[in-house]
Amino acid sequence: MAFDDKELTEEDRRLLAAMQEGFLPVPQPFKETAERLGSTESDVIAGLRRLKEEGAIRRLGAIIDSRKIGYTGTLCAMKVPGERIPEVAEAINSFPEVTHNYVREYEYNVWFTILAPSVDRINDILATIKKNTGIPEVINLSARRIFKIRVRFDLEGAAKP
């Protein structure tokens, strides 16, 4: 069931907006967030837990500029027979370097991204996926430019009449 943002309270919107602004790498990051909001650490944790359970938050995680830590990335497209998609997706997902994958309605129908410390490692992963699945049709679209690194939603503005 999809979450309806009309269900958000003013406090929820402030909490989500604060989380978008940053989550500092400090010993008690929820306490730091609570101090910015004039709240308590336990209220912030409970609010985030509730918003996740309700479906307003899918996950909390870091967004790291992979290039700054020496990693490289690629977007791949694979031509997979429809009946083999679950099996091939499992083979793709067996690599921790695969960040996500999805299905598209196109000749090349399984798409996935890989972040790895080197082009050689990416090539090794792709060779293994081809070998293990027996599917040679894989397009490797190496990242040359990052188009989306940060998305912010105007949650507090949306609450105003």
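This report describes the sheet, the salt bridges, a surface patch and some residues of helix 2 in a predicted model.

## The sheet and its strands

The model contains an open sheet formed by four strands, which follow one another in the order 2-3-1-4 and pair in the antiparallel sense. At the edges stand strand 2, covering residues 98–103, and strand 4, covering residues 138–142, and each of these pairs on one side only. Going from one strand to the next, the twist averages 20°. Helix 4, which spans residues 85–93, packs on this sheet and touches strand 1, strand 2 and strand 3, and the direction of the helix makes about 165° with that of strand 2.

Strand 2 and strand 3, the latter made of residues 110–116, are joined by five bridges in the antiparallel sense. One can follow this pairing residue by residue: histidine 100 has threonine 113 in strand 3 as its bridge partner, and valine 103 has valine 110, also in strand 3, as its bridge partner. Together strand 2 and strand 3 form a hairpin, with six residues between them. When looking at these strands, it helps to remember that in a regular strand the side chains alternate between the two faces of the sheet.

## Salt bridges between separate parts of the chain

Side chains of opposite charge can pair when their charged atoms come close. In this model the count comes to six salt bridges, and two of them are described here together with the parts of the chain that they connect.

In one salt bridge, lysine 79 pairs with glutamate 107, and the closest N and O atoms are 2.9 Å apart. Because lysine 79 lies in the loop between strand 1 and helix 4, while glutamate 107 lies in the loop between strand 2 and strand 3, the pair ties together parts that are 28 residues apart in sequence. Lysine 79 is partly exposed, with a relative accessible area of 31%, and glutamate 107 also counts as partly exposed, at 46% relative accessibility.

In another salt bridge, arginine 121 pairs with glutamate 97, with 3.0 Å between the closest N and O atoms. Arginine 121 belongs to helix 5, residues 119–133, and glutamate 97 to the loop between helix 4 and strand 2, so this pair ties together parts that are 24 residues apart in sequence. Are the two partners buried or exposed, or partly exposed? Arginine 121 is partly exposed, its relative accessible area being 28%, whereas glutamate 97 is buried, because its relative accessible area of 16% falls under the 20% limit.

## A further pair and a network

Arginine 84 and glutamate 87 also meet through their side chains in a salt bridge, with a distance of 2.6 Å from N to O. Arginine 84 counts as partly exposed at 22% relative accessibility, and glutamate 87 is likewise partly exposed, with a relative accessible area of 43%. Elsewhere in the model, Asp12, Arg50 and Glu54 are linked in a network of salt bridges.

## A nonpolar patch on the surface

Which residues make the nonpolar surface patch of about 360 Å²? The patch is made by Ile64, Ile69, Tyr71 and Leu115. Of these residues, isoleucine 64 lies in the loop between helix 3, residues 41–53, and strand 1, residues 72–78. Isoleucine 64 counts as exposed because its relative accessibility of 52% is over the 50% limit.

## Two residues of helix 2

Helix 2 covers residues 29–37, and glutamate 32 is one of the residues in it. Glutamate 32 counts as buried, because its relative accessibility is 19% and the limit for a buried residue is under 20%. If its neighbours within four places in sequence are left aside, glutamate 32 is in contact with Leu24 and Val26.

Phenylalanine 30 also lies in helix 2, but phenylalanine 30 is partly exposed, with a relative accessible area of 25%. With its neighbours within four places in sequence again left aside, phenylalanine 30 is in contact with Phe23, Glu41, Val44, Ile45 and Leu48. For valine 44, one of these contacts, the separation can be stated from backbone positions as well: the C-alpha atoms of phenylalanine 30 and valine 44 are separated by 6.4 Å, although the two residues are 14 residues apart along the chain.

Notes. Residues numbered from 1 in each chain as written. Predicted model: local features only at pLDDT ≥ 70, side-chain atom pairs only at ≥ 80, totals over all residues. Heavy atoms only, no water. Patch = residues over 30% accessible without salt bridge, like charges linked within 9 Å, V, L, I, M, F, W, Y side chains within 5 Å. Areas by Shrake-Rupley, 256 points an atom, 1.4 Å probe, with all protein chains shown as cover. Salt bridge = Lys/Arg side-chain N within 4 Å of Asp/Glu carboxyl O. Helix = DSSP H or I, 4+ residues; strand = E, 2+ residues; numbered from the N terminus. Buried < 20%, exposed > 50% of the residue type's maximum accessible area, 1.4 Å probe, protein only. Pairing = 2+ DSSP bridges. Axes fitted to C-alpha atoms, helices over the stretch in contact; angles between N-to-C directions. Contact = heavy atoms within 4.5 Å.
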